[in-house]
Amino acid sequence: MRRPIPVAEPNLGPEEEKYLLEAIRSGWISRGKFVDQLEEQFAAFCGTKFALSTCNGTAALHLALHSLGVSQGDEVIVPALTFVATANAVLYTGAKPIFVDIERETLGIDSHQIEEKITERTKAIMVVHLYGHPVDFDAVKKIALEHNLWVIEDAAEAHGALYKGKKVGSLGDVACFSFFGNKIITTGEGGIITTNDKVLANRMRFLRNQATCAGGNYYHTEVGFNCLMTNLQAAIGVAQLQKIKQFLQRKREIANLYNDLLQDVPLILPKEKDWAKSSFWMYAPILKENYPVSRDRLIKILRQKGVEARPFFVALPRLPFLQDNSLYPTAYEISERGINLPSGTTLTDEEINYVCEVVRNPLGRHQLKR
Ligand SMILES: *Cc1c(COP(=O)(O)O)cnc(C)c1O
């Protein structure tokens, strides 16, 4: 019997155990040297001046937005297709997420549709490098400059992805990453914020630690947060970051292998723009009209065959608390037809071959063995 094939499992080894044990034995479990190391090394990896760790990626987005001054009555432009956390972080500040449809090829925000959504209340544009492919950043940046808006990158899925040779996380005013268990690298729960803006970095450092004044004994001048990463999480993160190049290489090999094996199947296969290098966080093809079964049926068939697959995110304006009066045809269509196939770095080529056998022939005889 083969093992169930997971959609994305963490890739942990003896280095993670060693650093974690070191953190435990040192007694430094909340603050500690691994937190400093992870921040220094992640900033170097992204090519930014600063990196600030947080307890998760959602908290990172919230802290970044709040620290930029986004608040009640403001609007933040976000893509209609992303994980719910992108919009939730906006809502926590009291601001309203304003959706813009996505473009088919990058699955990122369609810059041509941004300007019609800008009002006097708009404070920021939050882009998402969905499933690891960078957005067409220059087009967004141009609009942001013209309208004096912040640009925030939700890079939760895109550690190491490149836009015109530059690392994502170094493109916008500020960027947020997630270290959840299924992301490119993990700390269990965890997140990190990158920026080149010293004033913003200091503001975020202050606010993430209960707005504690320097040298003041329990003196606080405003409402702060506690969204710090523990030294235990960071110990795992330092070990993970040492292996990120291998992980990204393996993700790319997996995507290439899928693309080879699925070429003649009625799927739209993920393709990088010539200016982009994806992190290939999730291998994310889209079923064409003439694919033999529906997306949801395919997921069920895969599950019966011991393969875990996931649907694309539900387009956010379809969620009851995020509905509005506009239409987002591309986001709706792609959300309904997209699938995430197993993409973890622990997968073997043989396992990918097996997944492709089922995807190539979902109604094939092997299905009846059940
Ligand atoms: C994972 C993810 C987040 C949230 O990260 P957590 O660490 O789970 O809080 C935010 N945005 C996107 C696009 C994500 O995929």
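**The ligand site and its surrounding strands**

A backbone N or O atom of Gly-57 lies 2.7 Å from an oxygen atom of the ligand, a polar contact being defined as a pair of N or O atoms within 3.5 Å, with the added conditions that within protein one atom must be able to donate a hydrogen and the other to accept it, and that residues adjacent in sequence count only if both atoms are side-chain atoms. The model is a predicted one, in which local features need pLDDT of at least 70 and side-chain atom pairs count only at pLDDT 80 or more, whereas totals for chains, interfaces and linings use all residues. Residues are numbered from 1 along each chain as its sequence is written, and side-chain values rest on heavy atoms, with hydrogens and water left out.

Two side chains also approach oxygen atoms of the ligand: a polar side-chain atom of Thr-58 is placed 2.5 Å from one ligand oxygen, and an N or O atom in the side chain of Ser-178 lies 2.6 Å from a ligand oxygen. Taken alone, the ligand exposes 380 Å², of which the protein buries 93%, with accessible areas obtained by the Shrake-Rupley method with a 1.4 Å probe and, for residues, only the protein chains shown counting as cover. The ligand is surrounded by 14 residues, the closest being Gly-57, Thr-58, Glu-157, Ser-178 and Lys-183; a residue is counted here if one of its heavy atoms lies within 4 Å of the molecule. By class, this shell holds four nonpolar, seven polar and three charged residues, where Ala, Val, Leu, Ile, Met, Phe, Trp, Tyr, Cys and Pro are taken as nonpolar, Asp, Glu, Lys and Arg as charged, and the others, Gly among them, as polar. Helix 3 (57–67) and helix 4 (84–92) each supply at least two residues of the shell, helices (H or I, at least four residues) and strands (E, at least two) being DSSP runs numbered from the N terminus.

Helix 4 also belongs to a β-α-β unit. Strand 2 (residues 75–79) and strand 3 (residues 96–100) pair in the parallel sense over five bridges, pairing being assigned if DSSP finds at least two bridges between two strands, and Val-78 has Phe-99 in strand 3 as its bridge partner. The chain passes from strand 2 through helix 4 to strand 3 in a right-handed crossover, that is, one whose path from the first strand over the helix to the second runs clockwise with the strands pointing away from the viewer. Four of the five residues of strand 3 are buried, buried meaning under 20% relative accessible area, exposed over 50%, and partly exposed in between (1.4 Å probe, protein chains only).

In strand 1 (residues 50–54), five of five residues are buried. In a regular strand the side chains alternate between the two faces of the sheet. Both faces of strand 1 are covered, with Phe-50, Leu-52 and Thr-54 on one side and Ala-51 and Ser-53 on the other. Strand 1 runs antiparallel to strand 9 (residues 191–195), to which five bridges join it, and Thr-54 stands opposite Gly-191.

A further three strands form an open antiparallel sheet in the order 7-6-11. Strand 7 (166–167) and strand 11 (276–277) each have a single partner strand, so one side of each is left without a neighbour in the sheet. Strand 6 (residues 162–163) and strand 11 are joined by two bridges, and Tyr-163 stands opposite Ala-276.
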